[in-house]
Number of protein chains: 2
Amino acid sequence: MIETPAANSKNPLTVVAVLFPGFELLDVFGPLEMFGLLGDRTKINLTAMDLSPVASGAGPQALPDLQISKVAAPDVLLIPGGPGTRSLVEDSRFLEALSLCAEQSKIVASVCTGSALLARTGLLDGRTATSNKLAFDWATLQSAKVLWQPQARWVVDGKFWTSSGIAAGIDMTLALIAHLFDTPTAIETANRAEYLWNQNADSDPFAGGGGENA
Amino acid sequence: MIETPAANSKNPLTVVAVLFPGFELLDVFGPLEMFGLLGDRTKINLTAMDLSPVASGAGPQALPDLQISKVAAPDVLLIPGGPGTRSLVEDSRFLEALSLCAEQSKIVASVCTGSALLARTGLLDGRTATSNKLAFDWATLQSAKVLWQPQARWVVDGKFWTSSGIAAGIDMTLALIAHLFDTPTAIETANRAEYLWNQNADSDPFAGGGGENA
């Protein structure tokens, strides 16, 4: 855990997002938008196995600026989901690099099926966690040692923050900003993004794979 | 306008997003997430003045795959906002390239201060449009010939769709998907993204620069 609130730190909060082929765009850039709105109070990097451009599941490519083996104990490590997770859960080289990186990180936050990758590292053993509700059966199959929560917008257990699908990562990130800075800072960030923040981690309109939009 | 609904087309809907230094991450990747969830029904490209990596306002870089001068009449052209717009409104070379590209596009959709760039091309003259409510005074100063709407989540006038700040681009994009495909497709997309869609263009909780989050 971060011992002193980021709000009182002289150094910017370091946020590192993990990219892999087939990552989900909004899982990465929803949370990074919220951290980015904090301006000089955060420093954001993108990491991957190497520095080549990485194509998202939807096609657009982002450019990592840090090799995952060189990530040094960030304040927040962000792990997205996406179609690429389906093969990565069998990629021991990637999982080992992710595991080393997550162990050093002060806070590890996953979005969507990012928690399936994290579950495969063993770091969630014995902990509560959640995942995308439409891929919940697949995600939970990745480890029987995780206490999977079928109804939660996001779950916090120690330094591990895991959120439900895609847009839930934005709600979780705002809660993380409230935790690291304070609630007024998180509310101001949501208002600047013109985003209606679901502040209640237990309010999960998409539990069970349905949806509230109609 | 697109004459046949995209839902009945054999070809994927072509979506091209414009990048420039200092673009706002979520303005681009919120809408592209929604289009991307349509899978083979869309083809997404990123465009810029040249093919070098482009740094967002928050730092992370994306990689264009198409030079703006080579964009050929896409179905949807997406123009984001962001801190970079402040200098781009004076960049005649960029505005000329944007204008040529927007003229050919079947639909032009802007997010946040993207409408300030579009206003500077003259293509919004005599049309209704909106912009980010926190940058509204600056955006509307870019052209007195646009009928600026101070209270609207998004505005549609002919082929021009303009949205309010950042997250409003997601709501507008889902409405655009409903327009191009059908409403059930838009609802399914929102549910897959676990995103609570504000379906009402007139419901603008951030009008006047305040915010509903508290």
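**Figure 1. Helix α4 of chain A and its buried residues.** In α4(A), the buried residues are G114(A), S115(A), A116(A), L117(A), L118(A), A119(A) and T121(A). Keep in mind that this is a predicted model. The helix runs over residues 114-121, and with 7 of its 8 residues buried, α4 of chain A is largely enclosed by the rest of the structure. Just past the helix comes G122(A), with a positive phi, near 90°.

**Figure 2. Helix α4 of chain B.** Here is the view for the other chain. Buried in α4(B) are G114(B), S115(B), A116(B), L117(B), L118(B), A119(B) and T121(B). That makes 7 of the 8 residues in 114-121, so the rest of the structure largely encloses helix α4 of chain B. G122(B) follows α4(B), and its phi is positive, near 90°.

**Figure 3. Where chain B meets chain A.** On the chain B side, 43 residues are in contact with 43 residues of chain A. Put together, the two chains bury about 3700 Å² between them, and 61% of that is on carbon and sulfur atoms. If you want residues to look for, try E33(B), E194(B) and N213(B): they supply 20% of the area that chain B buries against chain A, more than any other three residues. Don't go hunting for salt bridges across this interface, though, as the count between chain B and chain A is 0.

**Figure 4. The D75(A)–K106(A) salt bridge.** Over all chains, the count comes to 10 salt bridges. One of them joins the side chains of D75(A) and K106(A), at 3.1 Å from N to O. The partners sit in distant parts of the chain, 31 residues apart: D75(A) is in the loop between β5 (66-67) and β6 (76-79) of chain A, while K106(A) is in the loop between α3 (92-104) and β7 (107-110) of chain A. D75(A) has a relative accessible area of 12%, so it goes down as buried. K106(A), at 34%, is partly exposed.

**Figure 5. The D171(A)–R153(A) salt bridge.** This close-up shows the side chains of D171(A) and R153(A) meeting in a salt bridge, with 2.7 Å from N to O. D171(A) belongs to helix α6 (residues 168-180) of chain A, and R153(A) to the loop between β9 (147-148) and β10 (154-157) of chain A, so to speak a link between distant parts of the chain, 18 residues apart. Both D171(A) and R153(A) are buried.

**Figure 6. The D75(B)–K106(B) salt bridge.** In chain B, the side chains of D75(B) and K106(B) form a salt bridge at 3.1 Å, N to O. D75(B) is in the loop between β5 (66-67) and β6 (76-79) of chain B, and K106(B) is in the loop between α3 (92-104) and β7 (107-110) of chain B, so the pair ties together parts 31 residues apart in sequence. D75(B) is buried, with a relative accessible area of 11%, whereas K106(B) is partly exposed at 35%.

**Figure 7. A cavity in chain A.** Rolling a probe the size of a water molecule over the atoms shows where empty space is left. Here the count comes to 1 cavity of 30 Å³ or more, with a volume of about 30 Å³. Its lining is made up of L37(A), L38(A), R41(A), T185(A), E188(A), T189(A) and R192(A). Sorted by class, that lining has 2 nonpolar, 2 polar and 3 charged residues.

Key. Residues numbered from 1 in each chain as written. Chains lettered and ligands numbered in written order. Predicted model: local features only at pLDDT ≥ 70, side-chain atom pairs only at ≥ 80, totals over all residues. Heavy atoms only, no water. 1 Å grid on protein atoms, 1.4 Å probe; cavity = no way out; pocket = protein on both sides within 12 Å on 5 of 7 lines; lining within 4 Å. Points joined across faces, edges and corners; volume = space filled by probe spheres on them. Nonpolar A, V, L, I, M, F, W, Y, C, P; charged D, E, K, R; others polar. Buried < 20%, exposed > 50% of the residue type's maximum accessible area, 1.4 Å probe, protein only. Helix = DSSP H or I, 4+ residues; strand = E, 2+ residues; numbered from the N terminus. Contact = heavy atoms within 4.5 Å. Buried area = accessible area lost by both parts, 1.4 Å probe. Salt bridge = Lys/Arg side-chain N within 4 Å of Asp/Glu carboxyl O.
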